[in-house]
Amino acid sequence: MTMELHGALVASPGMGHFVPILELGRHLLNHHRFDRITVFLVTDDVPRSKSLLGKSLTEAGPKFVIRFIPLDVSGQDLSGSLLTKLAEMMRMALPDIRSAIMGLEPRPRVFVVDLLGTEALAVAEELEIMKKHVLVTTSAWFLAFTVYMASLDKGTLFKHLSSIGALPIPGCSPVKFDRVEDPSKYIRELAESKRIGAEVITADGVFVNTWHSLEPMTIGSFMDPENLGRVMRGVPVYPVGPLVRTAEPGLTHGVLDWLDLQPKESVVYVSFGSGGALTAEQTNELAYGLELTGHRFVWVVRPPAEDDPSASMFDKTKNETETLEFLPNGFLNRTKDIGLVVRTWAPQEEILAHESIGAFVTHCGWNSVLESIVNGVPMVAWPLYSEQKMNAWMVSEELKIASRLNVADGIVKKEEIVEMVKRVMDQENGKNMRKNAKELKKTAEEALNQTHIPSAYFIQN
């Protein structure tokens, strides 16, 4: 009698972590002879998570089980950056993760947690789960940055950060920083990052939401014992991407009906992900910028937040009926023939797959970047927080599928927004970006049809 092959997967809060973990679970079930997958989603807001996940939840069944691990964060100090917030939440969830896994019958033989929950690897170890893995829900380059940074002592790290404003990584592009005047401000982030980097290499393997043609140099460095292979200490790295939700054929939605009426590649889609938020002043500049481009647009708009670019991630007040009074006076009226303003949420996969979309103004969350690539849509890169600056640099400088806004000066002015949108939509560079995006789309399709984890990998004892 063969033992049932059961995998337990755990995701930290946020759609950027939920979606890749769920897609990985499906992939394991469909291509790696798993009998059952149980996915645990850690969240501080179960109803909101359920509404954002929508159809993904209804696809679950006896072989693919999705459960929530609810967190009560009231009264907790969740200050600091998004990284420290999420790492702290995952730490709080550890006892619940442990008891959830102990309650599984049969006990899972394979365990996967995303990069922000690497402390749970110790739980899997203690419960004697055979194979323990980390899923990196962002780029291989970000994994390279995390593990390499953890391998350096603090002095060397601070020297790089404060002297050259960049961290050179063996076999990869260096990661550039806004010159850090005072590295001690980042003590908490650096401590969490170094801890995560050190814990990653205690896993049996690392899965990354990318594919070879997207990051050949970085993936090559992980394979090379002289470069990052040395830092990984023999832990294998498998590119398993693109792990993105596919557009649902035949989905009906008002936005899609509107897009059906627009010419091919004529619409600019604007969205800052499920977590991104702009200030009131920035929201105004963006509105004027979109109006001045003269291009058709779909804008997923949220109420402004003044001090936290990731505010929408933990937003409990997503009131769909709120007036749009924060938009410039008369804006909706003046743009009613060319623009569509959608409140708080829109079916992004289906929008990006629509042939009338010509460009995507995005915060460069990795999910959004991959969805854009999978649909061959060039971008205007507007990073807000976390590793989005790295992603924005990569899509503009390396992959050449985006024009990047200069966000260093605080407020991005309407003139710059107009210039960047026109660069992608109207100019020669834009044609090249579109061509590059369509070529990458082909490589994404090829990657989706391959399995990158050796077929006997999970079966061996």
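The legends below describe close-up views of a predicted model.

**View 1. The second largest pocket and its lining.** The second largest pocket of the predicted model holds about 380 Å³ of space. Its lining is made up of 23 residues, and those closest to the centre of the pocket are E23, R26, V244, T246 and L448. Three elements each give two or more residues to this lining, namely α1 (15-31), α3 (55-58) and α18 (428-448). The greatest contribution is that of α1, which supplies five residues. Sorted by class, the lining of the second largest pocket comprises eight nonpolar, nine polar and six charged residues.

**View 2. The second largest cavity and strand β11.** Three cavities of 30 Å³ or more are counted in the model. The second largest cavity, shown here, has a volume of about 80 Å³. Its lining consists of F272, G276, A277, L278, T283, W299, V300, V301 and R302. Strand β11 (residues 296-301) gives the most to this lining, with three residues. By class, the residues around the second largest cavity are six nonpolar, two polar and one charged.

**View 3. The crossing of helices α6 and α16.** Helix α6 (residues 140-151) and helix α16 (residues 388-398) have axes that come within 10 Å and cross at roughly 130°. An angle over 145° would count as roughly antiparallel and one of 65 to 115° as roughly perpendicular; α6 and α16 are therefore oblique to each other. The crossing of α6 with α16 is right-handed. On the α6 side, the residues in contact are W141, F142 and F145, and they meet M390, W393 and M394 of α16. The residues of this contact comprise six nonpolar, no polar and no charged.

**View 4. The packing of helices α4 and α8.** Helix α4 packs against helix α8 (residues 187-200) at an angle of about 55°, and the two axes lie 9 Å apart. This angle makes α4 oblique to α8. The two helices, α4 and α8, form a left-handed crossing. From α4, the residues L83, T84, A87 and R91 take part in the contact, and their partners in α8 are R188, E189, E192, S193, R195 and I196. By class, the residues of the contact between α4 and α8 are three nonpolar, two polar and five charged.

**View 5. The cis peptide bond between E105 and P106.** E105 and P106 are joined by a cis peptide bond, for which omega is about -15°. The proline of this pair, P106, is located in the loop that runs between α4 (82-102) and β4 (110-114). Helix α4 is also the partner of α8 in the packing described for View 4.

**View 6. The cis peptide bond between G241 and P242.** The peptide bond that links G241 to P242 is cis, with omega at about 0°. P242 belongs to the loop between β9 (237-239) and α11 (254-260).

**View 7. The backbone at R33.** R33 is a residue other than glycine with a positive phi, near 55°. R33 is part of the loop between α1 and β2 (36-43). Helix α1, which precedes β2 in the numbering of this loop, is also the element that gives the most residues to the lining of the second largest pocket.

Note on methods: Residues numbered from 1 in each chain as written. Predicted model: local features only at pLDDT ≥ 70, side-chain atom pairs only at ≥ 80, totals over all residues. Heavy atoms only, no water. 1 Å grid on protein atoms, 1.4 Å probe; cavity = no way out; pocket = protein on both sides within 12 Å on 5 of 7 lines; lining within 4 Å. Points joined across faces, edges and corners; volume = space filled by probe spheres on them. Nonpolar A, V, L, I, M, F, W, Y, C, P; charged D, E, K, R; others polar. Axes fitted to C-alpha atoms, helices over the stretch in contact; angles between N-to-C directions. Parallel < 35°, antiparallel > 145°, perpendicular 65-115°, else oblique. Left-handed = near helix turned anticlockwise from the far one by under 90°. Contact = heavy atoms within 4.5 Å.
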